[in-house]
Structures are given as C-alpha cells and as structure tokens.
Protein chains: 2
Amino acid sequence: MSVTLKDVAQAARVSVSTASRALTGTGLTSERTQQRLVRIARELGYRPNPIARGLKTGQSRLVALLVHNLTNASFQVMAEVVQARLKALGYQMLLCIGGDDPQQESDTLTTLVDHRIDGLIVVPTGKNGPQLKALSKDVPIVCLVRRDDATDLETVLADDPQGAYLGTRHLIELGHKRIGLIVGRQDTTSGRERLSGYVRALREAGIARDDTLIHAGHFEPETGATCARKLLDLPRPPSAIFVANHEATLGVLRVTAERNIAIPDDLSLLCYEDMPWFEWHRPAISIVDNGARDLANLAVDRLLHRMDKGNGNDGVREYRVGARLIKRDSCRQIDAQVPAKSAKSKSSSSKSSAAKSAKV
Amino acid sequence: MSVTLKDVAQAARVSVSTASRALTGTGLTSERTQQRLVRIARELGYRPNPIARGLKTGQSRLVALLVHNLTNASFQVMAEVVQARLKALGYQMLLCIGGDDPQQESDTLTTLVDHRIDGLIVVPTGKNGPQLKALSKDVPIVCLVRRDDATDLETVLADDPQGAYLGTRHLIELGHKRIGLIVGRQDTTSGRERLSGYVRALREAGIARDDTLIHAGHFEPETGATCARKLLDLPRPPSAIFVANHEATLGVLRVTAERNIAIPDDLSLLCYEDMPWFEWHRPAISIVDNGARDLANLAVDRLLHRMDKGNGNDGVREYRVGARLIKRDSCRQIDAQVPAKSAKSKSSSSKSSAAKSAKV
DNA sequence: AGCGTTTCTGCAATCGTTTGCAGTCTATCG
DNA sequence: CGATAGACTGCAAACGATTGCAGAAACGCT
C-alpha cells in the first residue's frame, strides 16, 4: 500500500540497508548517496513504518499519560502540556483514563507495556505499586501528582503541605478561627499532606485543632455535599471552609446554594486547584493553585531524562512544585469576635439574590 | 525480555505456528493442544506482542480520537465514552489534541496513519479535506460534530439547526423579541446551522431578522466578550442573548459581570452545550444540550461498523443526534412591551450583589 | 488391506525495518 | 607498483508474530 524502504532503495538502485542507513542518518554512508536518498524518499513520499521499526528496535515512539479523568481541570492542562511537549520531540501521546480505579489502572498498564510504550507518566491510584515497580524495569516511569507508596518511583508532586498551609494561613489572617476542611481520602499522599499543611497553619496561629471541622472523603462532588452539610450543621459552624478536594467543590457549592448561604458574607470559601470558570463565578472563587502546568512540564523533563540518560536510579526521587495563593472574592475578613452574619448590611441583599437561583 | 510465542511453543514442544494457531483460536488445532497451549501460555505469562502482530497483519488495535481541546466539556465526555467503549473491545484509544489548527491536524493525521491506527474519529477543522479523503481509503474514518465539506466522509452531527431553533423558540416564548445571537465562525457547519435554526425560529414567530443582533466569531472566550459588548452597546440592546458558541460563554459572562448586568433580570442568557458547573452557577444557566454522549456513542458504532463490515460506501453519510432544551434559571419571561429593566423591584438588589464580585 | 478424506501439524516465507559482518572500491603510503 | 587502511556498500539474519502449503496422522469406507 504505502511506499516502503524497499521501494526507495530500488528507485535509488541501492540496497535496503544502505537506504536505511542513509535515511536514519547514521554517518555510515557517503554524503552523496545520503542526500540522494533523502531526496528520492521525499519524492516518493516515503514514511518509515514505526511498527516495523518498533519491532526491530523495541521502541514505539509512544509515550503514555495515565490520568484519572478529564473533568479535572488540572488533568486537562497536564494532558495538553504533555501532548505539546512530546509532539515536538516526535512522540505520540497515548492518553488513558483510569478513573482512579485500581483494576482499570492495572489493565491499562499491561496494555500499555504490551504496546511497548517508550515512557509513562502516571497519576497512580496507589493500589498497584508492585505492578508499577515491576514495569518500571522495562519502561521509564514518572509518577505525577500522587506518590505510590509501595514504589520508589521518581515522582513529581505538588507542594501540598505548603499549599494547604498557605491557604489556611490566608483564612486565618482574614480573622477566621473556625475553618472547616474538606480534604481527600487519607490513604492518598495529597489527602494526608493537605491535612498536615492545614494543621500546621493552625498550630502556628495558636488555634486548637478541632476534629469536627475536618472531613476527609472520596474525590466526588457528592462527598463535598455531604461534608459541607455536616460542617454547616455543627452547633458552631465554621466561618470559612477550605475545600482541599478539588472534586468536592461542586458539591459544596450546591449545598451553600440550597441553603441560601451567601459567599463570602455568610461563609468564606477557599478551594484547591483552579477551574476555568472560578474566575467568572460570583463571587469569583479564591484558590490555592497547584501549578498544574509546571507539574506537567517537570514530569516530562524527568521522563525524557530517563528515556535517554537511562532508566537508572539517580539520587532524587521526589520533586516538588510550588503552590501559590490566588485571591479572588470568596473569602472575606471577619471582625474579631462577631459571628459571621451581621458583618455588613449587604448580606440580606445577597441572600435574596441567592434565593432567586436556589431552586436548582 | 518478555516471553515470546517461541518460548511458549518450546515449552509445549510444538512449532511456533501451532502455538500461534492455538492461541489466536482459529479452529485449526486439536482441542487438546489448544487447551494445553492456552494453559502453558498463561503459566508463562505470555502476552502477544502487538507490534509484531501489527507488522504482519497491518493492524495496531489502536483507534484515534482527534479533538480540538479538552477544555470543552463535550469533548471530555466524548473522550471518556470513546475510551470506555473501545477498551471493552480490546482497542486502545489514542487521544490527540489538534487545537482546531489545520497544520496541527494535518501533522497529527499523518503520524496517526504512520502508526497504522485501525480507525479514526475526528472533529475536523475543515481545512484538510483532501488529506482526510485520501486517508479514508486506508483507514475507516468517522467525522464527529463537524462536517468537512470537502469530503464525503461518514459524519455524526449534533442536530444544530434543531437545537438552535429550540433555544431561540424558548426565548421567544418567554416574550423576547430582540434576541442577540453569538455564534461560531460561518465557515463551520455548526456555525452556519445554528444560525439557520435561529433564523427559522424568528421567521416562524414573525420577528424580523436584525443583523445587528447577530455576531459570528472564533471559538474563544475573547470573541464572546467582544460580541457581548457590541450587542450591549446597541442603541436598543437585546433582552436576551443566545450564546451558541460554547467557547464564547465565559467571555459573555465576564462582560455581564463587568457591567453589573443581572441575569436574568436585566438580560436572559441561554447557552449551547452544557458545562458541569452551569448547574451550580448563579443563576443556573439554561442550555441547549447537544447530546455529547449520544454523539460519541453513535460515532463509535459507525466506526466499528466500518472497521469490521468493511470501509465501503453504504448509503447514509450523515447522522443526526437530537438536541434538547434544559431550562434552568438564566432566562426569564419578559412583559410584553415594557423594557427589560423595570420588571420586578428585585433588579436593584441583584445589581448590588453583582457589584460586589465584579472586581475581577 | 488399500485408498480417499479429514484433521492436525510443521516448514518456511513474509511483514518493513535495523544491524553485524564481510566484501568492494578507492586513495594513500612506502 | 603493490600493499593496506579507510570508506562505503550489500548480504543476510534478526525482531515476533501470521499464514499458505504440503506432509503426516487418523479415520472411515469398500
């Protein structure tokens, strides 16, 4: 069907091997033949067959990125970054969606190595450590965003302790003393680390940790709703909620809408990780930015390094990418002892506007 | 490195060919050897090498999905649907991001066929018709969401004329007479079709078409902002805006926020295609749903059909997936002749709440 | 027992490359 | 001028599977 190396060789009246050598640019052919073959190849529209090449060389020019989903904005930008970077280097990205499900992850992983991918960037579920470890002998692997504790794979992480600390401190500086935390499962790195950052900020400010204010749960909107309800039903509800579980955000917003809770007047809200619409939301939602773009870039850097410098163990196993606070309008200063409600007279008007659209 | 067919054959003391036949399940081996080989293969952990197989058979078990980006929620769900469906059939999805850029699309396409993908679902830019047409001889291709007019490829489309009609009619039924339309580039199918649906609804209702209310532009938030400004600066601004260009939505929202325009009190807003957060936005945004999930499913159906029933021309070339209206809270009934403003006294309170968060 | 089928198996070629090895040719040097 | 190194080139064997063809074994039939 398509034109093969043999065709090119024939057209140029040389052997296939010479053609191969000329076109792959090993310096083993004379300048003249080299150029002649390149020309002829172009004229004929020759495109090397990566499959055949792969069979011989054991490489595929395919690099896989395995993420949990595409709904998460961070994963979107990561995918786009990875794709762009790889493409520039002649690799194709194989984007896989694992749904944060160990079984799916495991299946996908085997398919991928079957396909002889040249490298893998993975957001691990954390439940397939042994498999990942085994595979990492055949394929360079870099973990992203989460660590898989059962492995010693090179890992690029957001600086979650720092991010959570920054966020919590921001709320504290605004005068909040009772800060609700909705955080991810505690069997994930990010879940634990964000909690620890929160705790640290509290401790530094001399605020006692109150476990009724801390809720950890699965990465789903429904979880966010449940946790928010629990927090708001407390005898002394928090004056601010830090949603450090990205997927939970929508759930929290639903609950505040349902209950006509005005943000930031009745409740300050701070979220982790940006979404494109946070900025346009009313009020615009303040966030701790985990630096998805930087994370992805670094992961690619590390992977490429492994791919051509060899897949060995070299010192560093963990990289951290700094987080930063982006202040928008969902957190407000509260006056020392006064309960959140009677801050400015405005709150009633915003309550009414909330009521308008609460009937979801 | 990994265990090959030869290893299995040796272990079973048969020839490679027998092993191959037994494991691929052609009925050409005896029941006994068949089972024996399957067992041995499992014991040894044999996994067929898709590359080697591909070289011989010309197939890769890879199916590509080429979309513009992943920010668009429709593309997200499509990707997830396609991935799930294909995976169940033993294919790997190659997700590619073309950025709606003809050059990138073209590059990606050639890489993909180089990799001998078994099928392709593509959201075409519309600028690479000839190339697509040529490739479609080698690979089954199904176009999604947009038609490439230079080809006669099988295409799965949203029913945009119908969707735009439905949306516009909804606004008309609410009493709107001046309805602004922000729509996509008129050199895309969807752009043209949505415009035509809008026009049809107007005509049916006996409302004269006013071209100052119609703005077509690129698929970017910035475009949305520009168009929105133009509409709102009109001597007689519209009482409703139909944003039939998904990417433009954020831009429109920005402008309404900047200008403290309350939705739906001062302006009704209807958008095309859902985003996960529309429902939680205040007010929740009414939409015309293009049925992304159905579209993706149908595209996969058609592709699979081509992939095993042959890549020939069979009658139907265009499939339409119905659109439907989802009413939420961003559109309001307006009173016959009275200008939008003085509807209910509420508008002032909502204005103030808008003001609070406008300082983005 | 002899013969024709049917059923199973193995040999070897093939897919399109890459690559070790050996051979050819030219140029250089003594 | 002959020897020899050096620069190119071609042959053929891989890579790991699939598959046409032919031979072998087993079976049924007369």
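**Close-up views of a predicted protein–DNA model**

**View 1. A:Thr18 at the backbone of DNA strand D.** In this predicted model, a phosphate oxygen of DNA strand D lies 2.6 Å from a polar side-chain atom of A:Thr18. Such a pair is a polar contact (N or O atoms within 3.5 Å; within protein, one must be able to donate a hydrogen and the other to accept it, and residues adjacent in sequence count only if both atoms are side-chain atoms). A:Thr33 also places a polar side-chain atom 3.1 Å from a phosphate oxygen of DNA strand D. At B:Ala52, a polar backbone atom is 3.3 Å from a base nitrogen of this strand.

**View 2. The protein surface near DNA strand D.** DNA strand D is surrounded by 25 residues, and the closest are A:Ser15, A:Thr18, A:Arg21, B:Leu5 and B:Ser20; a residue is near a strand if one of its heavy atoms lies within 4 Å of it. Of the atoms of DNA strand D that come within 4 Å of the protein, 61% belong to sugar and phosphate. The largest share of this surface, five residues, comes from α4(B). Helices (H or I, at least four residues) and strands (E, at least two) are DSSP runs, numbered from the N terminus. The surface near DNA strand D comprises eight nonpolar, twelve polar and five charged residues. Here Ala, Val, Leu, Ile, Met, Phe, Trp, Tyr, Cys and Pro count as nonpolar, Asp, Glu, Lys and Arg as charged, and the others, Gly among them, as polar.

**View 3. The surroundings of DNA strand C.** Around DNA strand C there are 25 residues, of which A:Leu5, A:Ser20, B:Thr18, B:Arg21 and B:Lys56 come nearest. Helices α2 and α4 of chain A and α2 and α4 of chain B each supply at least two residues of this surface. An N or O atom in the side chain of B:Thr18 is 2.5 Å from a phosphate oxygen of DNA strand C, and a polar side-chain atom of A:Tyr46 lies 3.1 Å from a phosphate oxygen of this strand. A base is approached at B:Ser17, where a polar side-chain atom lies 3.0 Å from a base nitrogen. The surface near DNA strand C divides into seven nonpolar, twelve polar and six charged residues.

**View 4. The interface of chain B and chain A.** In this interface, 61 residues of chain B are in contact (heavy atoms within 4.5 Å) with 61 residues of chain A. The two chains bury about 5800 Å² between them, 59% of it on carbon and sulfur atoms; buried area is the accessible area (1.4 Å probe) that two parts lose on being put together, summed over both. Two salt bridges (a side-chain nitrogen of Lys or Arg within 4 Å of a carboxyl oxygen of Asp or Glu) are found across the interface. B:Asp114 forms a salt bridge with A:Arg47, with the closest N and O atoms 2.3 Å apart. The side of chain B that touches chain A holds 24 nonpolar, 21 polar and 16 charged residues.

**View 5. The relation between the two copies.** A turn of 180 degrees and a shift of 0.0 Å along the axis lay chain B on chain A with an RMSD of 0.1 Å. The copies are therefore related as by a two-fold rotation axis; they are superposed by least squares on the C-alpha atoms of residues with pLDDT of at least 70 in both. The copies meet through the same surface, because 100% of the interface residues of chain B are also interface residues in chain A.

**Notes.** Residues are numbered from 1 along each chain as its sequence is written, and chains are lettered from A and ligands numbered from 1 in the order in which they are written. In this predicted model, local features need pLDDT of at least 70 and side-chain atom pairs count only at pLDDT 80 or more, while totals for chains, interfaces and linings use all residues; side-chain values use heavy atoms, with hydrogens and water left out.
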